[in-house]
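Here are some short exercises to work through with the structure open beside you. Try each task yourself before you read its solution.

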Amino acid sequence: MPYETHLLSILFSYEGEHVSGKMLSEHLGISRATVSKYAQSLKSMGYHVESSPKLGYRLKDYSSLLIPKNIKRGLRTSVVGKKMLHFFEISSTNSVARQIASQFVDTDGTVVVAECQTGGKGRINRPWVSPLGGVWLSIILKPNVSPNETVQLTYVTAVSVAKTLKTFGLDARIKWPNDVLIGGRKVCGILNEISATPDRVNYVIIGMGINANVDVAKLPLELREHATSMMRELGKPVDRVALVKQLLMEFEENYKLFHVQFSSIIDEWKSLSDTIGKRVEIKTPTERIEGDAVGVDTDGGLIVRTDDGSIKRVLCGDCLYLKMSER
Ligand code: BT5
């Protein structure tokens, strides 16, 4: 377990009591100065850690943790988040959600959330960097739709995340297919995994990774230029508990709409889209398409007009923005 996470979980287990710097230093096998540095870092991410020269360190209250008690208080949903599991550290919330969904029956709407992931997953097994401070969350869903239609849940999720981020005063835009951006930088990635037979969905796992209070300077060098966090954009940590509550409520509303009127999700998606109007290169497992992104259709396919004037419809792939001069 990384030292910061370990420190946080020790302070949590002391239930608001002070723990001396000496004891923490011995327990963690690091110097007292390093304990102090990590405690400071936890504070900067919005965790309510207090330090006192005489008494040591304590977690003043639990209100900064994504524990079920905090999230469920005032959560106005009927299915999503009614059951919740919280971890300080986990490999991947999607993987654990998958295990739960495959082993238990009554799991529709179950939320798995972690303060930190050690094996966070992006699409096609790309790594997702998930330090403390983020919101790493998965929802188990058992929709009564055909397997093909579950692709549309990525749109439902992207709209829910972008709208939630807007309530925090951030100008979030959606990049097809599964990114939410602020100022052109990725603040959230979505991973939509499905278990199905050819004609029936067993379950869907919707994973969302939001760089809420992530310190971008601590991300690997190659990500820093393209990534951002809510904390960086706002200049201060956000209330992650309020963020998750708002997100789950927004998600449930859009999830209901998905069943009855997906076209209204698509309309919202279009109005939040960063991709429509851009010159794009789309790489799918089988082809490479270059052209202008001109829209999305009612089933959730991206419409690309290529230079020979033909119209292509793409359901999944990686999207790269090209400069207009690359035409
Ligand atoms: C995604 O994949 O964007 C999906 C990410 C989903 C993460 C959530 S966290 C909760 C749940 N549990 C999981 O294990 N996963 C989900 P993709 O479009 O393939 O993008 C992956 C790429 O994003 C990587 O190859 C990096 O370039 C970049 N990346 C990795 N970590 C990042 C971060 N924290 N912020 C911004 N970009 C990141």
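**Exercise 1. An unusual peptide bond**

Task: Find the loop that holds proline 177, and work out whether the peptide bond from tryptophan 176 to proline 177 is cis or trans.

Solution: Start with the place. Proline 177 sits in the loop that links strand 6 (172-175) to strand 7 (179-182). Keep in mind that this is a predicted model. Next, look at the angle: omega is near -5° for the bond from tryptophan 176 to proline 177, and this bond is cis. As a reminder, most peptide bonds are trans.

**Exercise 2. A backbone angle to notice**

Task: Is the phi of glutamate 15 positive or negative, and in which loop is this residue found?

Solution: First, go to the loop between helix 1 (3-13) and helix 2 (21-28), where you will find glutamate 15. Then check the backbone angle: the phi of glutamate 15 is positive, about 50°, even though this residue is not a glycine. Why pick it out? Because most residues other than glycine have a negative phi.

**Exercise 3. The domains**

Task: Into which domains is the protein divided, and how far apart are the C-alpha centres of domain 1 and domain 3?

Solution: Walk along the chain. Residues 3-59 form domain 1, residues 68-272 form domain 2, and residues 279-322 form domain 3. Now compare centres: those of domain 1 and domain 3 are 50 Å apart, taken over C-alpha atoms.

**Exercise 4. Around the ligand**

Task: Describe where the ligand sits, which residues come nearest and which polar contacts you can find.

Solution:

1. Locate the ligand: the space it takes is the largest pocket.
2. Look at the elements around the ligand. Those giving two or more residues to its shell are helix 5 (93-103), strand 5 (135-141), strand 8 (185-197) and strand 9 (200-210). Strand 8 gives the most, with 4 residues.
3. Sort the shell by type: 10 residues are nonpolar, 12 are polar and 5 are charged.
4. Pick out the nearest of the 27 residues: Ser92, Lys121, Arg126, Val129 and Lys186.
5. Check the atom pairs. Polar side-chain atoms lie 2.7 Å from a ligand oxygen atom for serine 92 and 2.8 Å from a ligand oxygen atom for arginine 126. For asparagine 94, a backbone N or O atom lies 3.4 Å from a ligand nitrogen atom.
6. Finish with the area: the ligand taken alone exposes 800 Å², and the protein buries 91% of that.

Technical notes
Residues numbered from 1 in each chain as written. Predicted model: local features only at pLDDT ≥ 70, side-chain atom pairs only at ≥ 80, totals over all residues. Heavy atoms only, no water. Domains from an automatic or database assignment. Near = heavy atom within 4 Å. Polar contact = N/O pair within 3.5 Å; in protein donor to acceptor, adjacent residues only side chain to side chain. Areas by Shrake-Rupley, 256 points an atom, 1.4 Å probe, with all protein chains shown as cover. 1 Å grid on protein atoms, 1.4 Å probe; cavity = no way out; pocket = protein on both sides within 12 Å on 5 of 7 lines; lining within 4 Å. Sits in = over half its atoms within 2 Å of the grid points. Nonpolar A, V, L, I, M, F, W, Y, C, P; charged D, E, K, R; others polar.
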